[in-house]
Amino acid sequence: MSAMLKHVAIICVCAYLLPYFLRWYYSITIDQPDEEYDFIIVGAGTAGNVIANRLTESPNTKVLALEAGDNDAPNFFISVPLFAPFLQRSKRDWQFRTEPQKKACLLLKDNVSLWPRGKVIGGSSTMNYLWYVRGGKDGYDSWEKSGATGWSYKDVLPYFKKSEQAMHKNMTEDFHGTDGYLKTSYPYNSELGNIMLKAGEELGYKHTDYNADDMVGFHLAQQTVYNGQRITSASSFLRPIIKERRKRLHIVGRAHVRQIVFEAGEDGRKRASGVIYVRDDVEVKVRARKEVIVSGGAVGSPQLLMLSGIGPKQHLNDMEIPVVADLKGVGQNLKDHVYVPATIHASNLTDGISVNDNTLFKTAFEYLLRGTGPLGYAGPEAQALIRSSHAKTNSPDIQLILLSAEWTMANIEANQNNLNYKQEYVDRLRQWGEEHDTKTLSNFLIFNGVLDPTSVGYIKLRSSNYLDHPVIQPNYLSNQKDVEIMIEGFRLIEKLEKTKSFKEIGAKMELSALNCGDETQSPRSDKFYECMVRAITGTSFHPVGTAKIGAPSDVMAVVDPRLRVYKVDGLRVADASVMPSIPSANTQAACYMIGEKAADMIKEDWNL
Ligand SMILES: Cc1cc2nc3c(=O)[nH]c(=O)nc-3n(C[C@H](O)[C@H](O)[C@H](O)COP(=O)(O)OP(=O)(O)OC[C@H]3O[C@@H](n4cnc5c(N)ncnc54)[C@H](O)[C@@H]3O)c2cc1C
């Protein structure tokens, strides 16, 4: 064989083996767990990984984390923030869907909202849009008042701080942590983000550190991004410690837990003694000496509880699942933020203002060289957090998020519209795009969201088969108040249109793509906006509350304030599902906080 052929052969073999090597190198999972652990965590997601890390700080504690999804790395789409949308509808997404909505999602296919959730080590933190927003003080104080003793703002603030390693300057250590695992920073934003802030100033709003001071105002976003890399619960809480703790922290991927196992405990109460999971079609049973901690998220946790016999008795009977504990609240109290995107056509965007102006080459170069530029952020640039006339507390109940990137339009057009929107809407968008020459991309979006929704939904089992996605009924916009708050959001966008900053770039809300402006509903009337809100409502990806914390007297409470499931022993829930109500914020920060607080309580209870 000639030397040249030899070289080609070596290169081919290396290229063939490289993916295997990378997978092996980055893998943090094992294939064969032991038969017994002190703690078993179901779900290596946002909260679950914090708990896995903190419990194994104690050298004599052995923990198993079971995750239905696979390893998170190496994956270009996960680590480069701008590619976040492409993780949706991939194998790393559970790809849940809501039931058809009666009063919302009317221009979405089947009137259904797609509900992405992370199915991968790192959970939803691996596919989210990275905003780090904690929510108003009043929200947490209301948790305490509702029966979640020990969860007031003053109680949870130390845990927000404990999880965080704030990398941004000019922050106050009264509110931010500097030596936690979770890096947060202000990533890249284009000039358009600054224009939004200036427009807010013209309207009399300040920009503050919304995780420290008053939330109300116009702000650039703190995000779980550092040096252009997405920070997930796996990259922050698992990877740095796994080598050193490999003997006492075992993580198994592709392990779908189908049931919690109970045995007779003290006083006739049932005690969680382990779980059964399925991996590559093989069932495995593992024992927990101390506790099982369910961190499957707002969908996965109530589903697993019900599959294991913990839930509303009647529903379990209907599903022919033997009842272990009749807890009416499991799957109930579902809250989610909703948004509606407003397209803004900016006729006078000059070069260098929008992220859309960046060439592919310049963008890639900037990212590779300095970890900054459009690839290093997840799309949203700036936000307005405002109180509507309905706001009951000092916390904002309207969130406007500005997205300026080319990919937003491209992605919405290519991915979501075709799959999620009815054809008539897609056709209208295309037509509108042709009229306005979207190739120049002189558009941006403002997502108008309601932070304190009053509509409440539920999650139920579809069947007793663990592989069947549950019934998800958020009842979006079933309460008129939510619509009214969103109409006020549109009124705020109208005010922005009138500012000097928006006028200079010729920014105007585009309303023609919707079929809402007929003779009876003149554009910009309340009726018009209501039509728009009900037509293209979508999830803001923040479901919470389906296994809520509450006092023993609250029949709808699923866990007590120490996150122990009522009526059984040895079982806790710790994730978004335990929130008694939805924070006035995107929800990941609160999930990290819940993970930290849960771990501390477990350590206290077991003297670890
Ligand atoms: C597309 C998207 C964008 C978002 N954007 C933002 C944002 O910008 N800012 C923000 O603050 N929040 C955002 N969120 C919300 C935020 O990410 C979530 O609220 C948070 O990550 C939820 O954490 P969790 O621990 O409750 O659940 P998850 O992180 O979802 O973890 C649950 C884990 O349990 C696993 N699991 C479930 N059931 C089982 C089972 N039976 N067996 C084994 N494993 C199981 C899942 O696979 C998953 O890994 C977004 C969410 C999504 C999906």
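In the predicted model, Pro74 occupies the loop that links strand E2 (63-66) to helix H3 (76-79). The peptide bond leading from Ala73 into Pro74 is cis, and its omega is near 0°. This geometry can be set against a general rule: most residues other than glycine have a negative phi, and most peptide bonds are trans. Further along the chain, the loop between H3 and strand E3 (96-97) contains Gln95. The phi of Gln95 is near 60°, a positive value in a residue other than glycine. Gln95 counts as partly exposed because it has 15 C-beta neighbours inside 10 Å, a number that lies between the limit of 12 or fewer for exposed residues and that of 20 or more for buried ones.

A positive phi in a residue other than glycine also occurs at Asp280, where the value is near 50°. Asp280 belongs to the loop between strand E12 (270-279) and strand E13 (282-294). With 7 other C-beta atoms within 10 Å, Asp280 is exposed.

Helix H4 spans residues 137-145, and its buried residues are Gly139, Tyr140, Ser142 and Trp143. These residues lie on the same side of H4, because the arc that they cover around the axis is only 155°. The general geometry of such helices is relevant here: an α-helix has 3.6 residues a turn, so residues three or four places apart point the same way. The partner against which the buried residues of H4 pack is helix H5 (153-163). Just after H4, a positive phi of about 120° is found at Gly147.

Helix H5 also packs with helix H17 (588-605). In general, two packed helices are described by the angle between their axes and the distance between the axes. For H5 and H17 the angle is about 100° and the axes are 8 Å apart. H5 is therefore roughly perpendicular to H17, since angles of 65 to 115 degrees fall in that class. On the H5 side, the contact is made by Val156, Tyr159, Phe160, Lys162 and Ser163, and on the H17 side by Ala589, Tyr592, Met593, Glu596 and Lys597. Six of the residues in this contact are nonpolar, one is polar and three are charged.

A second helix pair is formed by H14 (residues 480-497) and H16 (residues 526-535), which pack at an angle of about 110° with their axes 9 Å apart. This angle makes H14 roughly perpendicular to H16. Val483, Met486, Ile487 and Phe490 are the residues of H14 in the contact, and they meet Asp526, Tyr529, Glu530 and Val533 of H16. The contact of H14 with H16 comprises six nonpolar and two charged residues, with no polar ones.

The ligand is surrounded by 41 residues, of which the closest are Gly43, Gly45, Gly123, Gly300 and Asn586. Two or more residues of the shell come from each of helix H2 (46-55), strand E11 (256-264), helix H9 (297-307) and helix H17 (588-605). H9 makes the largest contribution to the shell, giving four residues. By residue class, the shell around the ligand divides into 18 nonpolar, 19 polar and four charged residues.

Helix H9 also contains Gln303. Gln303 counts as buried because it has 28 C-beta neighbours inside 10 Å, against the 20 or more that a buried residue requires. Not counting residues up to four places away in sequence, Gln303 touches Ile459, Leu461 and Pro470. Arg23 is 280 residues from Gln303 along the chain, and the C-alpha atoms of the two are separated by 31 Å.

Beyond H9, Pro312 is placed in the loop between strand E14 (310-311) and helix H10 (313-318). Its 19 C-beta neighbours inside 10 Å mean that Pro312 counts as partly exposed, since the class of buried residues begins at 20. Leaving aside neighbours within four places in sequence, Pro312 is in contact with Lys328 and Val330. Pro312 and Lys328 are 16 residues apart along the chain, while their C-alpha atoms are separated by 4.2 Å.

Key
Residues numbered from 1 in each chain as written. Predicted model: local features only at pLDDT ≥ 70, side-chain atom pairs only at ≥ 80, totals over all residues. Arc of directions from axis to C-beta. Contact = placed C-beta atoms within 7 Å. Near = placed C-beta within 6 Å. Nonpolar A, V, L, I, M, F, W, Y, C, P; charged D, E, K, R; others polar. Axes fitted to C-alpha atoms, helices over the stretch in contact; angles between N-to-C directions. Parallel < 35°, antiparallel > 145°, perpendicular 65-115°, else oblique.
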